[in-house]
Amino acid sequence: MYRFYIDASQKQGDCIEITGEDVNHIKNVLRMRIGERFILCDGVGTDYLCELAGSREKTLLASVVEERVSDTELPVRLVLFQGLPKKDKMELIIQKAVELGAAEIVPVVTKRTIVKTDGGKEEKKLARWQAIAESAAKQSGRGIIPKVAAVHTWKEALASMTDLDYNVILYENADGMHPTAECLKTAGRKKSIGIFVGPEGGFAEDEVAQVKEKGAECLSLGKRILRTETAGLAMLSMLMLAIECVEK
């Protein structure tokens with residue numbers, strides 16, 4: 001069933017007014033008719049099963065048939081702290097992280113970050129990243145639109161991790177896969193998990209030490225060295241499986 005996102009202000013009682021680009025998509029691309037059903041999502045966890053009730057030139061009216069809590073969200077909040085990669089890799093990471101259930105993606109500048117941040121372009125880049133997150137959320141049927149945070153310094157990332165229930169740092173020199181397996185066994189009982197992934201050059205040893213001092217667990221993803229755009233997605237995939245198995 002087709003899914004579209006709305007702002008809470010668009011709902012008045014049992015009627016929702018649809019505006020913006022979705023109007024053209026519903027009317028002229030999907031060619032929906034009065035009475036056809038679709039889902040409107042408020043982006044913060046509530047889905048509305050709706051019927052198309054009326055059509056105007058620039059707006060559409062939908063009547064709410066049923067209101068329900070979205071069932072596509074993980075019960076554990078996953079936050080990806082991603083060391084800034086080169087070129088457009090961040091766009092791929094954001095898209096796939098959203099598909100895999102991340103609630104927030106935090107770009108982080110580390111010691112080995114190669115990309116130079118430009119304050120004048122950061123706002124435009126962040127807007128593009130957030131648009132990618134919204135598109136991925138819509139495609140994958142998410143009940144929320146995950147947030148892409150502004151680029152964090154290393155100090156800011158360390159401060160942010162303290163708000164989470166549990167944190168892990170993926171490090172190629174971590175001691176075997178047993179701690180990773182143990183982490184997955186208990187993941188479903190956490191409220192929130194932060195995942196730290198380094199840029200192309202990985203983390204500096206003192207960065208790993210600083211995160212561990214804050215209580216994070218140092219984990220391995222196996223004997224192979226994964227690219228920065230692969231490591232976080234691999235961990236998110238394993239966590240999604242572990243959490244949803246516990247949930248069921």
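Both Phe-4 and Phe-38 are buried in this predicted model. The structure holds four aromatic pairs, and one of them is formed by these rings, edge-to-face, with 6.0 Å from centre to centre and 85 degrees between the planes. Distant parts of the chain are linked by this pair: Phe-4 belongs to strand E1 (residues 3–5) and Phe-38 to strand E4 (residues 37–41), 34 residues apart.

Trp-154 and Phe-196 make another edge-to-face pair, with centres 6.0 Å apart and planes at 75 degrees. Trp-154 sits in helix H4 (residues 154–161) and Phe-196 in strand E11 (residues 192–197), so their pairing ties together parts that are 42 residues apart in sequence. Here too the partners are hidden from the surface: Trp-154 is buried, and so is Phe-196. If you follow the rings onward, you will find a cluster in which ring pairs link Phe-81, Trp-154, Phe-196 and Phe-203.

One more ring deserves a look, this time for a charge. Lys-190 lies over the face of Tyr-166, at 4.6 Å from the ring centre.

## A buried methionine in helix H7

From the rings, let us turn to a methionine. Met-235 is part of helix H7 (residues 228–247). With a relative accessibility of 0%, below the 20% cut-off, Met-235 counts as buried. What is Met-235 in contact with, leaving aside its neighbours within four places in sequence? Its contacts are Leu-170, Cys-183, Leu-184, Ile-195, Leu-219 and Leu-221. As for Ala-209, 26 residues away along the chain, its C-alpha atom is separated from that of Met-235 by 20 Å.

## Salt bridges

Side chains of opposite charge can pair when their charged atoms come close. In this model the count comes to 13 salt bridges. Three of them are set out here.

| Salt bridge | N to O distance | Sequence separation |
|---|---|---|
| Glu-104 and Arg-77 | 2.6 Å | 27 residues |
| Lys-89 and Glu-200 | 3.2 Å | 111 residues |
| Glu-99 and Lys-96 | 3.5 Å | three residues |

The bridge between Glu-104 and Arg-77 has its N and O atoms 2.6 Å apart. Glu-104 lies in strand E8 (residues 104–108) and Arg-77 in strand E7 (residues 77–83), so this pair ties together parts of the chain that are 27 residues apart in sequence. Is Glu-104 buried or exposed? At 13% relative accessibility, Glu-104 counts as buried. Arg-77, at 38% relative accessibility, counts as partly exposed.

Lys-89 and Glu-200 meet in a salt bridge of 3.2 Å, N to O. This pair also links distant parts of the chain: Lys-89 is in helix H2 (residues 89–99), while Glu-200 is in the loop between E11 and helix H6 (205–213), 111 residues apart. Glu-200 has a relative accessible area of 28% and is partly exposed. The bridge has further company, as Lys-89, Glu-200 and Glu-229 are linked in a network of salt bridges.

Helix H2 carries a salt bridge of its own, between Glu-99 and Lys-96, whose closest N and O atoms are 3.5 Å apart. Because these two residues are three residues apart in helix H2, Glu-99 and Lys-96 are separated by about one helical turn. Glu-99 counts as partly exposed at 31% relative accessibility, and Lys-96 counts as partly exposed at 28%.

## Positive phi values in two loops

Finally, the backbone offers two residues to inspect. Which loop holds Arg-31? Arg-31 lies in the loop between helix H1 (21–29) and E4. The phi of Arg-31 is near 50 degrees, a positive value in a residue other than glycine. Arg-31 has a relative accessible area of 61%, over the 50% cut-off, and is therefore exposed.

Lys-87 is found in the loop between E7 and H2. The phi of Lys-87 is near 55 degrees, again a positive value in a residue other than glycine. At 80% relative accessibility, Lys-87 counts as exposed.

Definitions and conventions. Residues numbered from 1 in each chain as written. Predicted model: local features only at pLDDT ≥ 70, side-chain atom pairs only at ≥ 80, totals over all residues. Heavy atoms only, no water. Helix = DSSP H or I, 4+ residues; strand = E, 2+ residues; numbered from the N terminus. Buried < 20%, exposed > 50% of the residue type's maximum accessible area, 1.4 Å probe, protein only. Contact = heavy atoms within 4.5 Å. Phe/Tyr/Trp six-rings, centres within 6.5 Å; stacked < 30°, edge-to-face > 60°. Lys NZ or Arg CZ within 6 Å of the ring centre and 35° of its normal. Salt bridge = Lys/Arg side-chain N within 4 Å of Asp/Glu carboxyl O.
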